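Thanks for asking me to look through this one with you. Here are my notes, set out as numbered points so that you can follow along in your viewer.

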Amino acid sequence: MADYDKESAGLTTSRPKPQSRKWIWIGVPVAIVVILAAVLGGVLGSRAHKNSSSTSGNAAASSPSGEAAASQAASIKEQVGLFPTGTDSQYLLPIYPSTTNTAAFTSPTFNPSSNVALAWPKDPFQPSNAQPTAPRTDRPRLIAPAYKWAALPQLIKTDPYLKFWNETIFGNATEYYGLPPVVYHMDGSSGILDNAREIKMRVKAFSYVYRMTNDTKWLDRTFIELQNAAGNGTTPFGPNNQTKWNPGHFLDTAEFTAAFAIAYDWLYDAWSPDQRSSILTSMMFYGLEQGVAAYEQNAWWSVGIEGNWNCVCNSGLTMGALAILGDDTTGTAEAILANTLPNALQNCIFAVSSDGTWSETANYWYFGTTGHAEMASSLMTATGSDFGLLKNNLNLNKTGLYHMHVTGPGSLFAYGDHGPNKFSTTANSILFYGDQLQHPEYVLFQRDQHDAPEPNSMFWYNPEVSGAFWDAMPLDHVFDNSTDQWAAMRSSWTDEDALYVAIKAGTLTGHQTHNDLDCGDFVLDALGTRWAGELGSGDYLSTGYFSSDAQDSQRWLYYRKRTEGQNTILVDQANQLVTAAPTIKFDSSGTEQGSSTVLEVSSDSTAFFTADLTSAYANVTSFKRGIRMINGRKQVLLQDDINASGSIMWRMHTNATVSVSGTSATLTIGDQKLQMTILNPPDGVSMTTGVAQRFDNDPALPEGQVDQPNPGVTVVMINLPAGSYSLQVLFNPQWSGMSGSDFKTPPAVSIDDWSLTSHN
Ligand SMILES: *[C@@H]1O[C@H](CO)[C@@H](O)[C@H](O)[C@H]1NC(C)=O
Ligand SMILES: *[C@@H]1O[C@H](CO)[C@@H](O)[C@H](O)[C@H]1NC(C)=O
Ligand SMILES: *[C@@H]1O[C@H](CO)[C@@H](O)[C@H](O)[C@H]1NC(C)=O
Ligand SMILES: *[C@@H]1O[C@H](CO)[C@@H](O)[C@H](O)[C@H]1NC(C)=O
Ligand SMILES: *[C@@H]1O[C@H](CO)[C@@H](O)[C@H](O)[C@H]1NC(C)=O
Ligand SMILES: *[C@@H]1O[C@H](CO)[C@@H](O)[C@H](O)[C@H]1NC(C)=O
Ligand SMILES: *[C@@H]1O[C@H](CO)[C@@H](O)[C@H](O)[C@H]1NC(C)=O
Ligand SMILES: *[C@@H]1O[C@H](CO)[C@@H](O)[C@H](O)[C@H]1NC(C)=O
Ligand SMILES: *[C@@H]1O[C@H](CO)[C@@H](O)[C@H](O)[C@H]1NC(C)=O
Ligand SMILES: *[C@@H]1O[C@H](CO)[C@@H](O)[C@H](O)[C@H]1NC(C)=O
């Protein structure tokens, strides 16, 4: 597989940046230190680049010793500082400057250092026979043990990321400080989950700042928030009985318990005995006792649920139990741990499939992995072992790769439901997984993201990480477990204007009822925006929304969940069959990005994904959909080879203004344009547009229910009568500096004959 970047390193991009992009963070000026590159480039530059899995062992022969490498890496990171120059205000993704700094941006690695100024000291608590109920004797126990707090001030001085996060957390805590305690709001079937997560987010920030300052105003403010959530504040908070934390929607109970656990544990020595006991009493009454009851009743989320519910519920209960072990004399904490740990080992950890994909959706990954990572991390720090939470699913180490590829320059390939507000939920689980499972690229990727600054990161981040996540990172990847079957392909990891395509097939059941009927669905990003996109969740309160994933489920009556609400083919205007069992094929030129943030791929650099989707339709004899990058990843071809006895409708949802003309359409977003053209159009065919709403002859919604409106969204359509076609749609983003003759018109090739070279 070619690594084209090595030939092209040093080229500058021909695509100018859009002028009017707003930056929403970063006060730290970026210093790209050319002098350092000159001094160290020869040592670290091209050599380190060659070996994508370099370790201190194999690097030893030709490179500085571990300690010297660590110290060089430390001085480079100080010089470069925080690398991205800001965060894109629309998609909240980092903006990378164009640079070729081969000294700084080498293979991702950890440079082990024994220098306490550069690395975490070893945990002094190393039990030889760890037990879930035998916690360390010092506090805190959860995620952030005392030896890490002691090391933090020094590390903040030597690591630009820790420094930035520390400042941001102080700023966020200061903002929350001035707000009234979170106001109780029961949001139907999403319960009081937003309340719980907002309180958890605040309590973590307050507790962090208290420990970093010893200023009791933060302790007092934390207690006000806890009293409020326990119904002892100045305004009412939920029912005045044991259902205050809404155990009927146990995620809420679990997240409240986690918030109380952190406050109890991180501030343990600061609380008065009365405060400590009142926090414990409330957490026990509204949280842990409800957890015992849930297990006694075999709560649905504890039985075979490989998804976020199992992770979040077990995690919150585990954190609560670990926090009070020893102080609780009723045996409740032990009873909880006897249930939660085996249950998460059986369920939660297997929400990551064999290819790393999360069982639910790209957004639910955040909730599930935050729960899982907090649970594993709390057990490790409190008791000295993860008891298998990190190791019993051997594929957990791929879930960072899943998250990286499902994140395009136009944000997530957000198929299926998007989930509730995130608040305390982030992607920082991959700071933890990256460190624990030896994937430095996950750490490097996540540390640049907008949601990195929060207390967990201060303890999960391994400051010994160095290099660039994009160095030697392939541009494409296929995730081929039959339950998900999706691929991502892009033209760059660091250009916010990059071309990105993600597409899925996958089975339509077994996703915790968070999926859509969406085989063949795709998104397309280019020129800093999303051209083909997702509509997201319907209203979770709608009748039957989560009833089941059976063919006749009421869920499939809602536009956003129906096949017509996806970017795929519709036959007879009908939903796809939930029995779909697609097969897929994928290939890639294997192009990797190199050390530079500037990447120009060669003209034969490509990737393609094809899926046989015949089984997803009733009135289809055969249907294969293929998508590929052509012309050096500057254009995209989407092809449907279909033979159907029902009417065929090609559909794509876009936020663009669409102007159609015969067999082509021009899409405009801001000052950017994308041209779509039907190649070799069947007789009489044309592009049309329509509104993103249900057809008049769709089966009726449940009584009193409505679809969510999709303002600003246009559906681009191609309608064909029953028959056999090879429908090719070419997407030409109008890159600046590229003239009409620079665009290629690919040959017509049957999908069965697609290969890496078939469209050169
Ligand atoms: C953390 O940030 C705060 C607010 O900017 C600052 O006052 C404090 O000195 C920082 N802590 C360290 C250890 O630098
Ligand atoms: C924290 O503060 C930063 C910088 O002001 C802001 O961008 C971010 O949205 C805040 N985060 C939260 C969770 O409030
Ligand atoms: C806060 O108090 C603790 C306990 O007395 C002490 O160890 C720590 O150094 C103090 N931290 C600060 C920032 O003053
Ligand atoms: C708790 O209080 C609420 C509101 O007053 C009431 O609707 C509910 O039935 C009570 N639940 C129990 C278990 O007592
Ligand atoms: C709230 O009030 C109840 C009843 O007085 C008490 O048992 C509990 O400990 C209090 N909890 C908090 C956090 O103030
Ligand atoms: C897909 O992932 C699931 C969950 O990890 C696993 O049970 C199954 O065996 C995988 N299937 C294949 C074909 O690898
Ligand atoms: C994940 O871990 C397993 C077991 O240790 C290993 O065989 C595999 O190569 C790892 N995969 C990745 C992507 O790190
Ligand atoms: C429209 O833009 C919003 C906001 O960026 C995005 O969430 C949504 O997916 C886009 N919709 C389509 C159809 O591209
Ligand atoms: C398949 O075609 C038949 C005959 O035209 C029609 O009655 C039926 O509704 C179609 N089924 C689906 C699922 O589109
Ligand atoms: C399309 O399918 C029909 C029904 O199976 C078949 O008779 C016909 O030959 C097929 N057409 C082509 C071009 O394969």
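The points below go through backbone geometry, two ligand sites, some strand pairing, a few buried places and one record entry.

1. Before anything else, please keep in mind that this is a predicted model. Every value in this note is computed from it, so read the distances and angles in that light.

2. Let's begin with the backbone. Which residues does a cis peptide bond join? The two are arginine 139 and proline 140, and omega there is about -10°. Proline 140 belongs to the loop that runs between β3 (109-110) and α5 (146-158). As background for this point and the next two, most peptide bonds are trans, and most residues other than glycine have a negative phi.

3. Asparagine 246 deserves a look in your backbone plot: its phi is near 55°, a positive value in a residue other than glycine. You will find asparagine 246 in the loop between α8 (216-229) and α9 (250-266). Is this residue buried or exposed? Asparagine 246 has a relative accessible area of 15%, so it counts as buried, the cut-off being under 20%.

4. Leucine 527 is another residue to check. Although it is not a glycine, leucine 527 has a positive phi of about 55°. Its place is the loop between β10 (522-526) and β11 (529-532). With a relative accessible area of 7%, leucine 527 is buried.

5. Now to ligand 5, whose surroundings are Gln227, Ala230, Asn232, Ser278, Thr281 and Ser282. Sorted by class, this shell holds 1 nonpolar, 5 polar and no charged residues. Which helix gives the most to the shell? That is α10 (residues 273-296), with 3 residues.

6. The polar contacts of ligand 5 involve both side chains and backbone. For asparagine 232, an N or O atom of the side chain is 2.3 Å from an oxygen atom of the ligand. Serine 278 takes part through a polar backbone atom, 3.1 Å from an oxygen atom of ligand 5. A nitrogen atom of ligand 5, in turn, is 2.8 Å from an N or O atom in the side chain of serine 282. How much of the ligand does the protein bury? Taken alone, ligand 5 exposes 360 Å², and the protein buries 62% of that.

7. Around ligand 6 you will see Val352, Ser353, Ser354 and Asn481. By class, this shell has 1 nonpolar, 3 polar and no charged residues. An oxygen atom of ligand 6 is 3.1 Å from a polar side-chain atom of serine 354. Asparagine 481 offers a side-chain N or O atom that is 2.3 Å from an oxygen atom of the ligand. Ligand 6 taken alone exposes 360 Å², of which the protein buries 44%.

8. For the strands, start at β19 (residues 664-669) and β20 (residues 672-679), which pair in the antiparallel sense over 6 bridges. To orient yourself, place threonine 666 opposite glutamine 675 in β20. The two strands form a hairpin with 2 residues between them, and glycine 670 in the turn has a positive phi of about 60°. On to the next pairing: β20 also runs antiparallel to β23 (residues 723-733), joined to that strand by 6 bridges. There, leucine 679 has glutamine 728 of β23 as its bridge partner.

9. Serine 595 sits in the loop between β13 (583-588) and β14 (607-612). It is buried, with a relative accessible area of 5%. What does its side chain reach? A polar atom of the serine 595 side chain lies 2.8 Å from the backbone oxygen of phenylalanine 105.

10. How many residues of helix α14 (residues 399-406) are buried? The count is 8 of its 8 residues, so the helix is mostly covered under the cut-off of under 20% relative accessible area. Among them are Tyr402, His403, Met404 and His405.

11. Lastly, the record. UniProt lists residues 487-684 under "domain: Heparinase II/III-like C-terminal", in an unreviewed entry. In the model, that span is 0% helix and 40% strand, and its end C-alpha atoms lie 33 Å apart.

Methods
Residues are numbered from 1 along each chain as its sequence is written. Chains are lettered from A and ligands numbered from 1 in the order in which they are written. This is a predicted model: local features need pLDDT of at least 70, side-chain atom pairs count only at pLDDT 80 or more; totals for chains, interfaces and linings use all residues. Side-chain values use heavy atoms; hydrogens and water are left out. Helices (H or I, at least four residues) and strands (E, at least two) are DSSP runs, numbered from the N terminus. Buried means under 20% relative accessible area, exposed over 50%, partly exposed in between (1.4 Å probe, protein chains only). A residue is near a molecule or strand if one of its heavy atoms lies within 4 Å of it. A polar contact is a pair of N or O atoms within 3.5 Å; within protein, one must be able to donate a hydrogen and the other to accept it, and residues adjacent in sequence count only if both atoms are side-chain atoms. Accessible areas come from the Shrake-Rupley method with a 1.4 Å probe; for residues, only the protein chains shown count as cover. Ala, Val, Leu, Ile, Met, Phe, Trp, Tyr, Cys and Pro count as nonpolar, Asp, Glu, Lys and Arg as charged, and the others, Gly among them, as polar. Two strands pair if DSSP finds at least two bridges between them. UniProt positions are given in the numbering used here, feature names are shortened, and annotations may be inferred rather than shown by experiment.
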